[in-house]
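The following exercises ask for a reading of a structural model, and each is followed by a worked solution. Please examine the sequence and the coordinates before beginning.

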Amino acid sequence: MTAETFEFQVEASRLLRMMVHSIYSNKDVFLRELVSNASDALDKLRIEALRDDSLDADISDLHIEIETDKDARTLTVRDNGIGMSREEVVGLIGTIAKSGTAEFVRKLEEAQKAGDAGNPASAEALIGQFGVGFYSAFMVADEVTLLTRRAGEEAGTRWTSTGEGTYTIEAVDDAPQGTSVVLRLKPEDTEDRLFDYTAPWKIREIVKRYSDFITWPIRLVEAAPEGNAENAGEAGDAEKGEDGGKPEPETVNSRKALWARPRSEVSDEEYHELYKHISHDWTDPLETIRIHAEGTFEYQALLFLPARPPRDLFSSGRRGVQLYVKRVLIMEECEELVPPYLRFVKGVVDAQDLSLNISREILQQDRHIQLMRRRLAKKVLSTLKEMRTARPEKYAEFWREFGAVVKEGLLNDPDNRDAILAASSFASTHDAEGTTTLQEYVERMKEGQEHIFYLTGPSRSAVESSPHMEAFRDKGLEVLILTDPVDEVWVDAVPEFQGRTLRSIARGEAEFGTEEEKEREKAERERQREEYAGLLAWLAERLGDEVKDVRLSSRLTVSPACVVSDSGDATPGLRNMLRAMGQEMPEDKRILEINPGHPLITGLRTAHADRPSDPGLEGMAELVHGMALLAEGGLPGDPARFTRLLAERLERSL
Ligand code: ADP
Ligand code: MG
């Protein structure tokens, strides 16, 4: 049969080129990736066979085989798993159908140019986010041949490439079930003892290091010496043993389930390699969490908090943890075991008493699944809380990447609200760099302070320079600085924390201080209200179409005016967010607050009292309102008109 030649998708080809001209210091990981793929393929076949009795596949001896061949200078990784159809080979191996590939490749090339490529951690972190394990074969091989046949299908496919822009595909009649990947090793490596991947000791060492926990047997065989080559080949042959003249295959992995072994017997590295296999990430996890539940419903779990978010954290992607029943993987991505706001958690749950062929529909209702889900969520949250005090740097790193996701739970997991709040941290005016917890905030509250104050906005600097902050800064009242989009929403869903309500400083009347101070303030306000009655009425009339009310402010010290939302109304940030989500949001009119201590406002009061019908005052109301909108990062209703009015004023002042 003739082979057809295809071109790699552009991004795939660029990525490959980088692999070929290796950017890693540690090339050994190519084998980890191929073994991980083989293991996934065996898992998939077992799961599919479990679901579908009619699947024409042999599952009697599922295993991985690694064959070294010194004479041919090849290394072969074989599995008798699910295999791939021709379409799958083209789709999965020839293209990278993940969003943002182009962007990713650009970053990687930049890193390489900047000399950062010498730093394997940064390159691996980037690759890890993308998960392009198969291509890592080209770090050590100058030609890769993949022969595969999907379980249940007749025809096999051979794929070959040197990693330089094109690959060939050919139909094969007699391919064994599963996949074999043959690497023609780069000659320079074979000469270097350290990189001699045809040496059995080297393979043994790599497997032990990276893949020991793989549940399938990984067998190591050496190809028969030259002249005997026609006997070498298909998976299974190696089993024949003595009479075939071949050595008995050696199983090189211990296959021990890490989650079932006592903590003291497992090294951090072993946990980390399991994480990498499950998550397809190349970076160590930040935290490993173990759960051993005993009693009537027994299960073990090993959960990991990744260091970096996957690319698809906010879109659909790999979700959930692996579900095992008595050491047998029955579901690769069991979403039912972790709530959506913990969707970044990776790991394994192994239950003793679940049915092996439990369906998704039943899973959702299963009492035991619910029980585990609750326990897992609680354990992750309590670990976060503990991390914050015990390992603050790790916690900060975690929170920077995943905090916005965790806070989604404040909206949709009311049962765990307190635990989520306890695990959360927030930027605050108390500390220019670090974060605070609500607990710490409450402990620092001033005498007479009833509320936990916060302000939402697009960035820390925008929030800090907002006019709403002025009086709070003056009085030394701490304000939480909330800048994640989700912050606009959860603050309304959380009624209180330890009896203190959360209060936006850009909404409603600003009230603070002791009872005494409040009384004094109130009296002062009464007096001023009389003084300003004329100006307030005039402004309200002029701006009637745009604002709900005009009043004197107690939150301003240096700005002339600001706009605030009414107590029950949505803040502009929330409004924008809901609009972006496609929700109809009628425009609520807001309230203009003016600062009776500001010379512009006192001047305006005098001018208005002296010459109430001066046409020169006409535009002033709009200017004051427009400035207030600009100060909070918004725009005047009619920016062109605002600019014209301002230009006229400036002209007159020259
Ligand atoms: P990832 O494993 O993160 O998906 P890879 O580049 O390692 O990325 O593999 C790409 C895809 O190719 C896999 O998701 C799988 O669908 C397919 N694949 C790779 N190796 C095998 C194999 N040995 N058997 C079956 N499918 C495989
Ligand atoms: Mg892979």
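**Exercise 1.** Determine whether aspartate 196 is buried or exposed, and describe its surroundings.

*Solution.* Step 1: aspartate 196 counts as buried because its relative accessibility is 9%, where buried means under 20% relative accessible area, exposed over 50% and partly exposed in between (1.4 Å probe, protein chains only). The model is predicted: local features need pLDDT of at least 70, side-chain atom pairs count only at pLDDT 80 or more, and totals for chains, interfaces and linings use all residues. Residues are numbered from 1 along each chain as its sequence is written, chains are lettered from A and ligands numbered from 1 in the order in which they are written, and side-chain values use heavy atoms, with hydrogens and water left out.

Step 2: the residue belongs to the loop between α6 (187-191) and α7 (200-211); helices (H or I, at least four residues) and strands (E, at least two) are DSSP runs numbered from the N terminus.

Step 3: apart from neighbours within four places in sequence, aspartate 196 has contacts (heavy atoms within 4.5 Å) with Lys70, Asp189, Thr190 and Lys202.

Step 4: its side chain also forms a polar contact of 2.5 Å with the side chain of threonine 198. A polar contact is a pair of N or O atoms within 3.5 Å; within protein, one must be able to donate a hydrogen and the other to accept it, and residues adjacent in sequence count only if both atoms are side-chain atoms.

Step 5: the C-alpha atoms of aspartate 196 and threonine 429 are separated by 58 Å, with these positions 233 residues apart along the chain as the sequence separation.

**Exercise 2.** Which residues are closest to ligand 1, and what is the make-up of its shell?

*Solution.* Step 1: the ligand is surrounded by 13 residues, of which the closest are Asn37, Asp79, Leu92, Phe134 and His280; a residue is near a molecule if one of its heavy atoms lies within 4 Å of it.

Step 2: three polar pairs can be listed.

- An oxygen atom of ligand 1 lies 2.8 Å from a side-chain N or O atom of asparagine 37.
- A nitrogen atom of ligand 1 lies 2.9 Å from a side-chain N or O atom of aspartate 79.
- An oxygen atom of ligand 1 lies 2.6 Å from a side-chain N or O atom of histidine 280.

Step 3: ligand 1 taken alone exposes 530 Å², and the protein buries 87% of that; accessible areas come from the Shrake-Rupley method with a 1.4 Å probe, and for residues only the protein chains shown count as cover.

Step 4: α2 (29-51) and α3 (86-93) are the elements that give two or more residues to the shell.

Step 5: by class, the shell has 6 nonpolar, 5 polar and 2 charged residues. Here Ala, Val, Leu, Ile, Met, Phe, Trp, Tyr, Cys and Pro count as nonpolar, Asp, Glu, Lys and Arg as charged, and the others, Gly among them, as polar.

**Exercise 3.** Describe the settings of two strand residues, methionine 331 and alanine 301.

*Solution.* Step 1: methionine 331 lies in strand β13 (residues 328-334) and is buried, since its relative accessible area is 5%.

Step 2: leaving aside neighbours within four places in sequence, the contacts of methionine 331 include Ile47, Arg51, Val321 and Leu363.

Step 3: alanine 301 is placed in strand β11 (residues 299-305), and its relative accessible area of 2% makes it buried.

Step 4: with the same exclusion of neighbours within four places, alanine 301 touches residues including Ile289, Ile291, Val348 and Leu376. The C-alpha atoms of alanine 301 and valine 348 are separated by 5.5 Å, although the two residues are 47 apart along the chain.

**Exercise 4.** What is the sign of phi at arginine 73 and at arginine 255?

*Solution.* Step 1: most residues other than glycine have a negative phi.

Step 2: arginine 73 has a positive phi, near 60 degrees, and is located in the loop between β2 (64-69) and β3 (74-79). Its relative accessible area of 31% makes arginine 73 partly exposed.

Step 3: arginine 255 also has a positive phi, near 65 degrees, in the loop between β9 (250-251) and α8 (268-279). Arginine 255 is partly exposed, at 40% relative accessible area.
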